Every structure is written in C-alpha cells, then in structure tokens.
Amino acid sequence: QRQMCIRDRLIRSSGKNKPGDANVAVVVLAAGASRRAGRNKLLYEVDGEPLFLKAVRAAVRSQASPVFVITGDHASDFEEALENIDVNIVYNPAYRSGIKTSINLGLKSVPNFCDGVILLPADMPNITPEFINKMIKSFDKKAEKQVVTASLDGVKSNPVLWSKSLYEVADLVPENAELRPVLIEHSDYAKSVKGDKNLLLDVNYPNDLEQLAN
C-alpha cells in the first residue's frame with residue numbers, strides 16, 4: 001500500500017528567507033485527474049518536462065520553505081519527475097473526492113514554525129519565484145489573521161496565502177471567479193498582489209495547452 005508521505009524526513013530549504021519576512025510554506029496541488037483537458041493535463045510536456053513542474057520549480061526557487069506537492073492521479077509518474085527536486089511529496093488517497101481533500105492534507109503537513117502557507121494549483125505554469133516572493137513580502141507575520149491573494153484586473157485569483165490561524169477555513173479562488181464565502185468573510189484583512197493574464201494563466205482546457213505549446 002502506498003505510504004501517505006513518500007519521504008519520512010521534512011525537506012526544507014535554508015538561507016532563502018529574508019530578515020523580517022514571514023516563514024511561508026507552499027502546497028502545490030497536483031492530485032486531480034484533470035480530465036477536462038482529455039488526459040491528465042499536469043503531465044502534458046512543456047519545454048521538455050511535465051507542466052506541473054513549472055509551478056513546483058517556481059515554489060522551490062522562491063524564498064518559501066518547505067514546499068509540499070500533493071499527488072493522487074498517476075502518482076508514480078509525478079514522484080518520478082520529482083525525484084531530484086527538494087520537495088516533500090504527500091500522496092492523497094482520497095483525491096477523487098475533490099481538491100478540498102488535497103488542501104486539507106497539505107495544510108496538515110505544514111510544520112508549526114511556518115507563519116502561513118501558499119496554496120498553489122499545479123496548473124499555473126507561468127507563476128514565478130518573484131511573484132511568490134512578492135506575496136510573502138506583503139504578508140505581515142505579526143498579524144494573526146491574514147489572507148493574500150493574487151489579483152487579475154482587480155479580481156481575486158490564485159495562488160492564495162493564508163495565515164496559520166486560518167488553516168481550518170483555507171481554500172482556493174474558484175475558477176469561475178466567484179468568491180467563496182470564506183474569502184468574503186475574511187476580506188477585512190485581505191491583501192492582493194497584482195498579476196497579469198500570462199503570469200496567472202491556469203491550464204484548464206485543450207486550447208490552454210495549445211497556447212503553451214506555441
């Protein structure tokens with residue numbers, strides 16, 4: 001039977017965090033079957049490697065640490081691709097029950113020394129380490145409750161950074177751009193970091209894959 005956590009030891013990067021900045025982990029959500037694209041879109045090759053690795057590499061190269069990758073569908077293919085990358089792989093046996101199971105599993109994996117966590121969908125191949133660092137920079141670790149979202153043309157978008165006190169309610173921004181009640185409820189202490197259409201592209205449909213291939 002597959003182990004829940006592929007590696008026994010917490011893998012974290014050292015020396016990347018800047019003085020005064022919060023300690024923030026990243027949970028890359030890569031467990032879904034993603035069948036709308038006609039196959040598992042996260043394994044589609046872009047620049048000679050699986051699409052999901054783009055988001056993973058951005059997280060690893062940022063000042064965030066540790067980085068967790070939640071796997072599910074085709075887990076062995078994901079584990080093989082991640083073999084030489086400093087991330088913590090967590091298998092979600094309940095991935096067919098929806099992304100919330102992966103979010104919950106990822107949040108439970110984040111160590112207590114972290115002030116917050118960025119939930120990053122693995123289908124965002126153009127996200128950059130610099131953008132992740134901007135989110136961390138805008139996060140005030142002294143504030144008990146805090147949410148930092150990306151924003152596109154004034155509309156909240158993924159990824160989302162949640163403070164530790166809000167892990168129990170943490171969620172993503174839905175793809176239909178309608179805000180979850182939890183994001184509205186905590187809007188009083190929410191911040192946003194502006195991105196553009198290319199940077200915040202999420203790959204959902206075959207034409208999105210074609211756009212990346214060109």
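## Ser102 in helix H3

In this predicted model, Ser102 is buried, with a relative accessible area of 4%. That puts Ser102 under the 20% cut-off, so it counts as buried. You'll find the residue in helix H3, which covers residues 99-109.

What does Ser102 touch, leaving out residues up to four places away in sequence? The contacts are Leu29, Ala31, Ile70 and Asn92.

## The overall picture

Zooming out, the protein has 214 residues, and buried ones make up 51% of them. Its secondary structure comes to six helices and nine strands.

Take the contacts with a separation of 6 or more: 69% of them involve residues 24 or more positions apart. As for the outside, the protein exposes about 10600 Å², with carbon and sulfur atoms supplying 45% of that area.

## Helix H1 and the nonpolar cores

Helix H1 takes in residues 52-61 and is mostly covered, with seven of its ten residues buried. Those seven are Phe52, Leu53, Lys54, Ala55, Val56, Ala58 and Ala59. Note that Lys54 is on that buried list too.

The largest nonpolar core holds 41 residues, and the members that touch the most others are Val28, Val56, Leu82, Ile118 and Leu120. At least two residues each come from strand E1 (24-30), H1, strand E4 (67-71), E6, helix H4 (129-137) and E7. Which element gives the most to this core? That's H1, with six residues. There's also a second, separate core of 27 residues, including Phe68, Tyr91, Leu107 and Ala170.

## Around Ile118

Ile118 is one of the core members with the most neighbours within the core, so to speak a good place to park the camera. Skipping residues up to four places away in sequence, Ile118 touches Val24, Ala25, Val26 and Val27, among others. Its contacts also include Ile132, Met135 and Ile136. Pro159, Val160 and Leu161 complete the list.

## Strand E8 and its partners

Strand E8 spans residues 155-163, and seven of its nine residues are buried, so the rest of the structure largely encloses it. Strand E6 (residues 116-121) runs antiparallel to E8, and four bridges join the two. Within that pairing, Leu119 has Val160 of E8 as its bridge partner.

Strand E7 (residues 147-152) pairs with E8 as well, again in the antiparallel sense, over six bridges. Here Ser151 stands opposite Lys156 in E8. E7 and E8 form a hairpin with two residues between the strands, where Asp153 takes a positive phi near 55°.

## One aromatic pair

How many aromatic pairs turn up in a search of the whole structure? Just one. Phe52 and Phe78 form it, and the geometry is tilted: 4.5 Å centre to centre, with 45° between the planes. The pair links distant parts of the chain, since Phe52 belongs to helix H1 and Phe78 to helix H2 (residues 75-81), 26 residues apart.

Are these two rings' residues buried or exposed? Phe52 counts as buried because its relative accessibility is 0%. Phe78 is buried too, with a relative accessible area of 0%.

How values were computed. Residues numbered from 1 in each chain as written. Predicted model: local features only at pLDDT ≥ 70, side-chain atom pairs only at ≥ 80, totals over all residues. Heavy atoms only, no water. Buried < 20%, exposed > 50% of the residue type's maximum accessible area, 1.4 Å probe, protein only. Pairing = 2+ DSSP bridges. Core = buried A, V, L, I, M, F, W, Y, C linked by side-chain atoms within 4.5 Å. Contact = heavy atoms within 4.5 Å. Phe/Tyr/Trp six-rings, centres within 6.5 Å; stacked < 30°, edge-to-face > 60°. Areas by Shrake-Rupley, 256 points an atom, 1.4 Å probe, with all protein chains shown as cover.
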